[in-house]
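Q: Could you give me a close look at a single part of this model, strand by strand? A little context on the rest would be welcome before you zoom in.

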Amino acid sequence: VDFSGFDSIPIGICLIDRDFIVCSWNLCLRDWTGLSDAEVLDRDLRDIYPAFRRGIYTSRLEMLFSGGPPVVFSPRLHSGLFASPETARKKHVYHINVSPFLKEGESLALFAVQDISSEYQRSRELKQALEENRILLRELNHRTKNNYSMLLSLLELQKETLFDSRDEEIIDILISRIYSIQRVQEHLALQSDSLRILLGEYLRNLAGDILDSGSSLYSPDTHIEADAIELEPGKAIPLGMILAELITNSLKHAFTAIGGEIRIDAEEKNGMVTIRYQDSGPGRAGPPKNDGMGLRLNEAFAQQLGGSFRQLQGPGAPTVIDFPL
Amino acid sequence: MLSSPVTLEAPVLSVIGTPELRSRLEEEYKEPLAWVRMGYTGELNGTVELVLKSAEAAHLAAVLSEDLHPDNDLDAVRSAMISEVGNVVINAVIGTLSNSLGLHLRFTVPQFMEGEVDSLLTGLEDPELPKVLLVRTRFYVQTLDIEGHILLYFSLATFREFRSHVKRYGNLGSE
């Protein structure tokens with residue numbers, strides 16, 4: 001039988017019979033392995049590549065000779081098959097499919113040897129680049145965390161040198177805003193495989209940071225209920241700024257004794273998030289002042305969210321923030 | 001194959017239509033899937049697939065390749081490895097089935113694919129392929145415990161043929 005047609009196929013082809021005797025060895029295999037027809041044809045493949053003596057090959061090929069389905073030998077698990085010569089500049093990596101092939105009633109095994117060296121190399125390079133990026137990101141997160149801590153320590157130190165209590169309030173507000181940015185950064189650092197932030201966890205951590213910072217005499221109980229909402233960082237930061245401002249205001253104005261309470265509810269409906277904030281204080285004496293720095297900032301942050309910020313009348317100074325996901 | 005045996009747990013079998021198959025798979029698999037597909041012709045015509053959760057397939061490939069930094073993506077090399085595992089599992093199941101029933105089948109080479117349930121069923125919801133033998137099994141490779149499905153699709157004509165082969169095998173003598 002003339003198998004010369006296999007020479008025009010751009011994959012390696014090797015045909016063996018039931019005794020592992022090589023019947024065909026095409027041009028690609030001659031090129032990749034450096035073995036000529038004369039060195040291979042009519043010889044036992046197991047003498048050329050002793051790996052084929054292993055039970056995992058003989059048993060799987062035996063099934064194929066008995067009419068079983070094709071067999072796959074993947075590159076990572078069978079790297080020694082049809083190996084390139086020691087002196088070759090390029091080491092080939094093969095994915096091998098073995099199918100039954102009938103020749104004049106005799107059952108042969110046809111090895112279709114596909115060279116995937118370049119895909120293999122690309123995959124290794126990508127993996128290496130990914131690992132390098134992981135290390136860099138870890139280092140960057142570590143440095144950013146240190147920078148935030150240093151900034152907070154500097155502000156705390158600065159507070160001790162102030163004479164006017166109003167200046168102290170400004171620094172407290174700054175500290176709580178830095179906490180909200182720091183929280184987003186920490187969430188992103190921990191969830192390296194996701195750029196989404198779980199709202200409930202974020203709100204609980206943020207409120208905890210501000211209440212534990214020691215800027216107030218009061219430590220109200222916090223009740224935070226949130227639907228399973230995931231935010232992108234671009235939304236989490238302005239929202240954190242608004243809530244940091246609201247919590248700081250509650251600590252400043254709402255409580256007169258131990259035992260206060262802050263309640264935050266977040267729900268999502270049809271792609272719109274509604275956050276309701278309330279404390280257990282008496283509420284505002286009058287309508288909110290339009291010229292207040294805090295209110296202007298909160299409205300600007302709400303605008304950044306593409307939503308609205310509303311302060312309502314009544315006990316607890318209820319506030320509602322709406323924005324699309 | 002992998003210098004470690006692949007052990008199949010006793011499977012649970014059910015014969016269902018493709019609409020029911022869709023709802024069962026959608027209920028079970030909310031995450032991306034990886035599957036190895038082999039077509040067969042001869043005394044029976046159809047397709048056989050081994051279906052796994054994509055993340056489990058990636059984990060399996062990482063363990064087999066002793067990858068120290070595994071991730072959930074399957075590159076070309078790891079996909080080839082899953083093809084091989086699928087090939088071994090499918091060959092074992094089909095080999096046993098065709099030997100027991102005395103069937104002569106020809107197979108295509110395994111193809112590896114990834115996607116959602118929709119992609120898995122693309123081209124298989126043909127009215128000519130109304131019956132699926134759904135084999136739910138758990139299999140172990142090394143110390144990994146992985147659950148997967150083996151789906152055997154039959155064309156309408158060959159499903160009847162398959163049924164009569166099974167009946168003959170079970171000595172029920174319907175013919």
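**From surface to sheet**

A: Let's start with the context: chain B exposes about 8100 Å², and 52% of that area is supplied by carbon and sulfur atoms. Please keep in mind throughout that the model is predicted. Chain B has 175 residues, of which 51% count as buried. Among its contacts with a separation of 6 or more, 72% are between residues 24 or more positions apart. The secondary structure of chain B consists of five helices and eight strands, and read from the N terminus these elements follow the order β-β-α-β-β-α-α-β-β-α-β-β-α.

Now for the close look, which takes us over to chain A. The part to focus on is an open sheet in chain A, built from five strands in the order S7-S9-S10-S12-S11, with mixed pairing. Its edges are strand S7 (221–226) and strand S11 (308–311) of chain A, each of which pairs on one side only. Going from one strand to the next, the twist averages 10°.

Let's begin at the S7 edge. S7(A) and strand S9 of chain A, residues 261–269, run parallel and are joined by six bridges. Two of the residue pairs are easy to pick out in the viewer: A:His223 has A:Arg263 in S9(A) as its bridge partner, while A:Asp221 has A:Glu261 in S9(A). A helix also belongs in this picture, as helix H7 (residues 199–212) of chain A packs on the sheet and touches S7, S9 and strand S10 (272–279) of chain A. The direction of H7 makes about 165° with that of S7(A).

The next step in the strand order is from S9 to S10. Here S9(A) and S10(A) run antiparallel, with eight bridges joining them. To see how the two strands line up, look for A:Ile264, which stands opposite A:Tyr277 in S10(A). If you then follow the chain between the two strands, you come to a hairpin: two residues lie between S9(A) and S10(A). In that turn, A:Asn270 has a positive phi of about 50°.

Putting the pieces together, S9(A) is joined to S7(A) in parallel and to S10(A) in antiparallel fashion, and H7 of chain A touches each of these three strands.

Notes
Residues are numbered from 1 along each chain as its sequence is written. Chains are lettered from A and ligands numbered from 1 in the order in which they are written. This is a predicted model: local features need pLDDT of at least 70, side-chain atom pairs count only at pLDDT 80 or more; totals for chains, interfaces and linings use all residues. Side-chain values use heavy atoms; hydrogens and water are left out. Two strands pair if DSSP finds at least two bridges between them. Helices (H or I, at least four residues) and strands (E, at least two) are DSSP runs, numbered from the N terminus. Axes are lines fitted to C-alpha atoms, for helices over the stretch in contact, and angles run from 0 to 180 degrees between N-to-C directions. Contact means heavy atoms within 4.5 Å. Buried means under 20% relative accessible area, exposed over 50%, partly exposed in between (1.4 Å probe, protein chains only). Accessible areas come from the Shrake-Rupley method with a 1.4 Å probe; for residues, only the protein chains shown count as cover.
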